Amino acid sequence: MGITNSNKQINVSQITCNETFKVTLALSAAPDIAANPTDIILVLDRSGSMAGSPLANMKLGAKTFIDIIDEATDRSKDGNIGSGSHIGIVSFSDDATADTQLITSVNALKNAVDALSAGGSTNHAAAFTKATELFDPASANGKVIVMFTDGKTTAGLPAS
């Protein structure tokens, strides 16, 4: 995958100790997932702060992402992740759960996303640990973790 366009902005001219600032970074990439099989773990925040519209919006975003990968792998939204790629779903709050293994069924992936409900704290470390456990170390596929979250760590160890 190559970066085809990048843009960054910082909204302050000088940064001193203990100050916060906002950085906006936009990247455009041209992935070729059809030629480069990839295993993708979607890590989805189901903590209490996601209740209501945040969870609904995250579900929509995750299912849209799944559709994009479905089409990108075999140039067709046929309900199957193709070209040797897979997607797995991990959700987390106080702890993390593997909601699917690495699979190719778009319907099974979307059903796992739709089944999520919000509650508990935000444990990013558990989420990363569970996500990495789903990867097959013997697989030559690329390995990618994509996290959808709204908050900072409120349970468990700090994510590193």
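In this predicted model, Asp67 and Lys110 form a salt bridge, with their closest N and O atoms 2.7 Å apart. Asp67 belongs to helix H1 and Lys110 to helix H2, so this pair ties together parts that lie 43 residues apart in sequence. Asp67 has a relative accessibility of 19%, so this residue counts as buried, the cut-off being under 20%.

Stay with these helices for a second link. The side chains of Asp114 and Lys63 also meet in a salt bridge, at 2.7 Å from N to O. Here the acidic residue sits in helix H2 (residues 106-114) and the lysine in helix H1 (residues 53-74), so the contact ties together parts 51 residues apart in sequence. Asp114 is partly exposed, with a relative accessible area of 40%, and Lys63 is partly exposed as well, at 22%.

Now move along to helix H3. The count of salt bridges in the model comes to three, and one of them joins the side chains of Lys130 and Glu133, at 3.6 Å from N to O. Both residues lie in helix H3 (residues 124-134), three residues apart, or about one turn of the helix. Lys130 is partly exposed, with a relative accessible area of 26%, whereas Glu133 counts as exposed at 51%. As a general point, side chains of opposite charge can pair when their charged atoms come close.

Between H2 and H3 runs a loop, and Thr122 lies in it. Is Thr122 buried or exposed? With a relative accessibility of 5%, Thr122 counts as buried. The side chain of Thr122 is joined to that of Ser47 by a polar contact of 3.1 Å.

Let us turn to the strands. Four of them make an open sheet in the order E5-E4-E3-E6, with mixed pairing. At the edges are strand E5 (96-98) and strand E6 (142-148), each of which pairs on one side only. Neighbouring strands of this sheet are turned against each other by 20° on average, direction ignored.

Inside that order, strand E3 (residues 38-45) and strand E4 (residues 86-92) run parallel and are joined by seven bridges. If you would like a residue pair to look for, take Asp39, whose bridge partner in E4 is His86.

Finally, the sheet leads back to helix H2. Where does H2 lie? H2 lies across E3 and E4, running at about 10° to E4. This is the helix that holds Lys110, the partner of Asp67 in H1.

Technical notes: Residues numbered from 1 in each chain as written. Predicted model: local features only at pLDDT ≥ 70, side-chain atom pairs only at ≥ 80, totals over all residues. Heavy atoms only, no water. Salt bridge = Lys/Arg side-chain N within 4 Å of Asp/Glu carboxyl O. Helix = DSSP H or I, 4+ residues; strand = E, 2+ residues; numbered from the N terminus. Buried < 20%, exposed > 50% of the residue type's maximum accessible area, 1.4 Å probe, protein only. Polar contact = N/O pair within 3.5 Å; in protein donor to acceptor, adjacent residues only side chain to side chain. Pairing = 2+ DSSP bridges. Axes fitted to C-alpha atoms, helices over the stretch in contact; angles between N-to-C directions. Contact = heavy atoms within 4.5 Å.
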